Amino acid sequence: WNIDIAENTVFNNTVYYQVSSSDIDDYRLLYDGSIEFSVNEKLSFSIELNYSYDNDPHGDMGSSYIQITNGISFNF
């Protein structure tokens, strides 16, 4: 799912739902989202969000986590 919010702003989303083939009650949910602001043709800023949920985590891992990153892109 991609939305052009403004002429220089794009919002991207992807959601994955994954079920174990051996146990239908074991599933994971993954979300990847980003928003990018273009200042001009060469410079842009971005923010990304990644979320993961596993209802049956393995080992010492928790059932969910969130990761947020940001960046600056310069194309030359």
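A nonpolar patch, as the word is used here, is made of residues with over 30% relative accessible area and no salt bridge, in which nonpolar side chains are joined within 5 Å. With that meaning in hand, the surface of this predicted model can be described: Phe-37, Val-39, Phe-45, Ile-47, Leu-49, Ile-66, Ile-68 and Ile-72 form a nonpolar patch, and together they have about 750 Å² of accessible area. Strands β4, which covers residues 43-54, and β5 each supply at least two residues of this patch, while Phe-37, another of its members, is found in strand β3.

## The sheet

To see where these strands lie, it helps to turn to the sheet as a whole. Five strands form an open sheet, in which the order is β1-β2-β3-β4-β5 and the pairing is antiparallel. The edges of the sheet are taken by β1 (residues 2-6) and β5 (residues 64-74), and because each of them has a single partner strand, one side of each is left without a neighbour in the sheet. If direction is ignored, neighbouring strands of this sheet are turned by 15° against each other on average.

At one edge, β1 runs antiparallel to β2, and four bridges join the two strands. They form a hairpin with two residues between them, and Ala-6 stands opposite Thr-9 in β2. Strand β1 is hardly covered, since the count of buried residues among its five residues is zero, where buried means under 20% relative accessible area.

Further along the sheet, strand β2 (residues 9-19) and strand β3 (residues 27-38) pair in the antiparallel sense over 11 bridges. Two facing positions can be named in this pairing: Tyr-16 has Leu-30 in β3 as its bridge partner, and Tyr-17 stands opposite Leu-29 in β3. As a general point about such neighbours along a strand, the side chains in a regular strand alternate between the two faces of the sheet.

The pairing of β3 with β4 is likewise in the antiparallel sense and runs over 11 bridges, and these two strands form a hairpin with four residues between them. Phe-37 stands opposite Phe-45 in β4, and both of these residues belong to the nonpolar patch described at the start.

## Aromatic rings

What is used to describe a pair of aromatic rings? A pair is described by the distance of the centres and the angle of the planes. A search of the whole structure finds four aromatic pairs. In one of them, the rings of Tyr-27 and Tyr-53 have their centres 6.2 Å apart and their planes at 45°, so this pair is tilted. Because Tyr-27 lies in strand β3 and Tyr-53 in strand β4, the pair ties together parts that are 26 residues apart in sequence. Tyr-17 joins Tyr-27 and Tyr-53 in one aromatic cluster.

## Partly exposed residues

Several residues named in this report are partly exposed, a class that lies between the buried cut-off of 20% and the exposed cut-off of 50% relative accessible area. The table gives their values.

| Residue | Relative accessible area | Class |
|---|---|---|
| Tyr-27 | 26% | partly exposed |
| Leu-30 | 24% | partly exposed |
| Phe-37 | 33% | partly exposed |
| Tyr-53 | 26% | partly exposed |
| Ser-64 | 40% | partly exposed |

For Phe-37, the 33% in the table can be set beside the requirement of over 30% for a residue of a patch, and Phe-37 is indeed listed in the nonpolar patch.

## Leu-30 and residues distant in sequence

Leu-30, which lies in strand β3, also shows how the fold brings together positions that are apart along the chain. Which separations in sequence and in space hold for Leu-30 and Asp-54? They are 24 residues apart in sequence, and their C-alpha atoms are 8.7 Å apart in space. A second example involves Ser-64, whose place is in strand β5: the C-alpha atoms of Ser-64 and Leu-30 are separated by 9.6 Å, although the two residues are 34 residues apart along the chain.

How values were computed: Residues numbered from 1 in each chain as written. Predicted model: local features only at pLDDT ≥ 70, side-chain atom pairs only at ≥ 80, totals over all residues. Heavy atoms only, no water. Pairing = 2+ DSSP bridges. Axes fitted to C-alpha atoms, helices over the stretch in contact; angles between N-to-C directions. Patch = residues over 30% accessible without salt bridge, like charges linked within 9 Å, V, L, I, M, F, W, Y side chains within 5 Å. Areas by Shrake-Rupley, 256 points an atom, 1.4 Å probe, with all protein chains shown as cover. Salt bridge = Lys/Arg side-chain N within 4 Å of Asp/Glu carboxyl O. Buried < 20%, exposed > 50% of the residue type's maximum accessible area, 1.4 Å probe, protein only. Phe/Tyr/Trp six-rings, centres within 6.5 Å; stacked < 30°, edge-to-face > 60°.
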